[in-house]
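Welcome, and please get your viewer ready. We will go stop by stop, with something to select each time.

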Amino acid sequence: MTTFAIEDFAAGCKRVMDQASNQKEAARAYLAEAVARCGPLEIMRALQAAVPPDANIGELIVHASPELTMLYARVPARFQSGIHDHTVSAVIAQLEGQEVNHIFERDAAGSLEEARAITVRSGEILTLDKDVIHCIENPGDAPAHALHLYQGDFGALSERRSLWSWGAHQQKPFSFPELLQESATAMHQSGNRSGLNALVKAIPASKALIDALPE
Ligand SMILES: [Fe+2]
């Protein structure tokens with residue numbers, strides 16, 4: 001097993017994407033090779049070393065450039081996210097634990113409905129097309145760890161992205177505070193007390209918005 005170096009990976013990944021006719025497939029293959037060569041736990045070690053120990057789930061971007069964002073997805077136990085898009089393709093390498101991706105599609109009337117759920121386990125890779133609408137869930141009792149690659153600069157993309165309200169599926173502009181709100185609502189409406197408790201532990205400021213949710 002070899003050491004995983006974030007900036008070397010980013011440079012190599014951008015190089016293969018630049019030379020490829022299918023950038024998403026090139027990024028997937030490059031990430032799969034890194035997982036096979038370094039191992040999931042070595043990649044997790046490198047990601048943990050790159051963020052402050054108390055970084056919350058909104059502060060885990062370890063590389064950002066116009067072509068590529070690398071996000072350390074450290075997902076609290078039992079966490080459920082709000083429904084959102086990315087507007088660029090994504091490649092997910094699961095490092096420890098599991099991540100369930102609920103994929104939504106529009107029905108004939110244009111309303112969103114869940115079409116399928118895909119579980120990614122440690123050592124596995126999942127690719128998501130740029131028009132995918134999803135929410136994620138950690139089904140386990142411990143934090144789940146993944147490396148997410150996005151083909152663009154997440155900060156710059158933010159204003160193109162959307163969120164959908166839990167239940168009613170009303171589309172609205174994306175923002176991190178709104179995503180947190182919708183995630184809390186999703187867990188509240190699912191009766192997922194452990195997920196809400198883990199969220200408060202990961203982001204203490206989320207307690208106020210959870211306390212304000214209707215009974
Ligand atoms: Fe996502």
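Before the first stop, one definition: two strands pair if DSSP finds at least two bridges between them. Keep in mind too that what you see is a predicted model.

**Stop 1: The whole protein**

Show everything as a cartoon. The protein has seven helices and 11 strands. Along the principal axes, its C-alpha atoms fill a box of roughly 50 × 40 × 30 Å. A compact globule with 215 residues would have a radius of gyration near 17 Å, and the protein agrees because its own value is 17 Å.

Now switch on a surface. The protein exposes about 10200 Å², and 51% of that comes from carbon and sulfur atoms. Of the 215 residues, 48% count as buried. How much of the contact between residues at least 6 apart in sequence joins residues at least 24 apart? The share is 72%.

**Stop 2: The six-stranded sheet**

Color the strands β6, β5, β8, β3, β10 and β11. In that order they make an open sheet of six strands with antiparallel pairing. Its edge strands are β6 (112–121) and β11 (171–173), and each of these pairs on one side only. From one strand to the next, the twist averages 30°.

Add helix α5 by selecting residues 176–189. This helix packs on the sheet, where it touches β3 (83–85), β10 (162–164) and β11. The direction of α5 makes about 20° with that of β10.

**Stop 3: Strand β5 and its two partners**

Select residues 98–106, which are strand β5. Look first toward β6: β5 and β6 pair in the antiparallel sense over nine bridges. One place to see this is Val100, which stands opposite Thr119 in β6. The two strands form a hairpin with five residues between them. Click on Gly110 in the turn of this hairpin, which has a positive phi of about 90°.

Next, look toward β8, residues 133–137. Five bridges join β5 to β8, and these two strands run antiparallel. Which residue of β8 is the bridge partner of Phe104? The partner of Phe104 is Ile133. Likewise, Ile103 has His134 as its bridge partner in β8. Leave His134 selected, as it comes back at the next stop.

**Stop 4: The iron ion**

Show the iron ion as a sphere, with His84, His86 and His134 as sticks. These three residues are the protein donors of the iron ion, each through its NE2 atom, lying 2.1 Å from it. In sequence, the donor residues are spaced H-x1-H-x47-H.

Are His84 and His86 buried or exposed? Buried means under 20% relative accessible area. His84 has 7% relative accessibility, so it counts as buried. His86 has 2%, so His86 counts as buried too.

**Stop 5: The five-stranded sheet**

Change the coloring to strands β1, β2, β9, β4 and β7. These form an open sheet in that order, again with antiparallel pairing. At the edges stand β1 (61–64) and β7 (125–128); each has a single partner strand, so one side of each is left without a neighbour in the sheet. Here the twist averages 20° from one strand to the next.

Select residues 40–50 to bring in helix α3. This helix packs on the sheet and touches β1, β2, β4 (90–96) and β9. The direction of α3 makes about 100° with that of β4.

Two strand pairs deserve a look here:

- β2 (residues 69–75) and β9 (residues 144–150) run antiparallel and are joined by seven bridges. Thr69 stands opposite Tyr150 in β9.
- β1 and β2 pair in the antiparallel sense over three bridges, and they form a hairpin with four residues between them. His63 has Met70 as its bridge partner in β2.

**Stop 6: Ala10**

For the last stop, select Ala10, which lies in helix α1 (residues 6–19). Its relative accessible area is 0%, so Ala10 is buried. Which residues does Ala10 touch, not counting those up to four places away in sequence? They are His63, Leu68 and Met70. You have already met His63 and Met70 as bridge partners.

Finally, draw a distance line from Ala10 to Thr69. These residues are 59 apart in sequence, while their C-alpha atoms are 8.6 Å apart in space.

Notes:
Residues are numbered from 1 along each chain as its sequence is written. This is a predicted model: local features need pLDDT of at least 70, side-chain atom pairs count only at pLDDT 80 or more; totals for chains, interfaces and linings use all residues. Side-chain values use heavy atoms; hydrogens and water are left out. Axes are lines fitted to C-alpha atoms, for helices over the stretch in contact, and angles run from 0 to 180 degrees between N-to-C directions. Contact means heavy atoms within 4.5 Å. Donors are N, O and S atoms within 2.8 Å of the metal (3.2 Å for Na, K and Ca); water is not among the atoms, so sites may look incomplete. Buried means under 20% relative accessible area, exposed over 50%, partly exposed in between (1.4 Å probe, protein chains only). The radius of gyration is taken over C-alpha atoms; the globule rule is 2.2 Å times the number of residues to the power 0.38. Accessible areas come from the Shrake-Rupley method with a 1.4 Å probe; for residues, only the protein chains shown count as cover.
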